[in-house]
Each structure stands twice: as C-alpha cells, then as structure tokens.
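Let's take a friendly walk through this model, pairing by pairing. Keep the viewer open and follow along as the charged side chains come up.

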Amino acid sequence: RDIFLSKEVSNYGLFACTLIFRGRWKTIYLDTNFPLPKDQYIGDANGAAMSSPGQLWVSVIEKAWNKLYGSYFLTEAGRTEEAIHDLTGAHVHFIDTRDSSFDKEAAWRDLLEGTKMRYAMLAESPTGTDTSKTGMVFGHAYTILGAYEIDYLGSTQRLVRCRNPWG
C-alpha cells in the first residue's frame, strides 16, 4: 500500500499520507511547515530536511507519524517496532534482550531465519550518551542486513551485519 495519496504537494500546500493507527489505516493531512530553524528552510517546504534533492518524503512521514501520536516530543526515542508496524501494517516480532526470559539461541535462530526469508530487521541500542566498545551508538536504531555463521580458524563465528542509517 502506498503511504502517500499523491506524489505532489496539493495546490493548497497539503500532503496526505496513510499510516496504521490502532489497527486501522488512517489518513493524515499535513501542511508544508516543518519544525526546523529558519536557516534550514528549503523552498516552499518550510524547515524540511532533505538528505538529497527530492527526498522530502522522510520529513513528511516523520511529521505524519508524530501527528498521529500528538507531538514530536511524545515520539522522541520511540520504539522501532511501533514505527515499522505503523508504516507498513506488517506483523512485528520484538525480541527484548533485557527480558529475564530472553533466549540467546532462539534469538539467533530468529535472526538466521529472518536473513533467509529476507525480512526487514532492526535493532535498537540501549540508551546512553556515548559509543559502546562495539562501535554502536547508544540510544540509536540500526538496520540488520543479515546474520551469518562463518568458519574462522576452525571455529564457528556468529556475525550480525548492521547499517547505521545516519552513517
């Protein structure tokens, strides 16, 4: 399903998109004002951030999702599984590594199966203010590109390939 009802801004300066909210597709109407400092305004889309020309859609989806939940403040540091479900309507399987019932082997099997089935997989790092010894930034979301078992010097090593969407 397309998130955007139209690929163009309407004559009235509005965007319309659809997201899942409480189990149902909901249409959200947005104006072209985005909360950024004035020195970052781009053309008619006041304050929109674009990593490259033509990529205003990221800011539009972010604004729509925040409108669903009431404000940018209420969704700051939100859960990745909530965002993915709301954007796609897809079932999400969340594994909490901090839960006392966490099963490392079952989680590894899930990662291998997800890689095989080409599922969209994400990871969240714990909150904090620095970078961990693994190079992962605290309080950040990552795309999991795959999980692999390789033979290295006679022993099986487990690798998880991640991508930092901000990097």
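A residue counts as buried under 20% relative accessible area, exposed over 50%, and partly exposed in between. With that scale in hand, D31 is partly exposed, because its relative accessible area is 34%. Please keep in mind that the model you are looking at is predicted.

What does the side chain of D31 meet in a salt bridge? The partner is K63, and the N to O distance for the pair is 2.4 Å. D31 sits in strand 2 (residues 24-31) while K63 belongs to helix 1 (residues 57-69), so this salt bridge ties together parts that are 32 residues apart in sequence. K63, for its part, is buried, with a relative accessible area of 13%. The general idea behind such pairs is a simple one: side chains of opposite charge can pair when their charged atoms come close.

How many salt bridges does a search of the whole structure find? The answer is four, and the D31 and K63 pair is one of the salt bridges you can look up.

Now turn to R158, which is a good place to pause. The side chain of E105 forms a salt bridge with R158, at 2.7 Å from N to O. This pair links distant parts of the chain, since E105 lies in helix 4 (residues 104-117) and R158 in strand 5 (residues 155-163), 53 residues apart. Both ends have some access to the surroundings: E105 is partly exposed at 37% relative accessible area, and R158 is partly exposed at 37% as well.

R158 also meets the side chain of E149 in a salt bridge, with 3.6 Å between N and O. E149 counts as partly exposed too, at 42% relative accessibility. Through salt bridges that share partners, E105, E149 and R158 are joined into one network.

For a last stop, look at helix 3, which spans residues 80-88. Which of the residues in helix 3 are buried? They are T80, E81 and D86. The cover over these buried residues includes strand 1 (14-21), helix 1, strand 3 (121-124) and strand 4 (141-152). Helix 1 is thus worth a second glance, as K63 of the D31 salt bridge lies in helix 1. Just after helix 3 comes G89, which takes a positive phi of about 80°.

Key:
Residues numbered from 1 in each chain as written. Predicted model: local features only at pLDDT ≥ 70, side-chain atom pairs only at ≥ 80, totals over all residues. Heavy atoms only, no water. Helix = DSSP H or I, 4+ residues; strand = E, 2+ residues; numbered from the N terminus. Buried < 20%, exposed > 50% of the residue type's maximum accessible area, 1.4 Å probe, protein only. Contact = heavy atoms within 4.5 Å.
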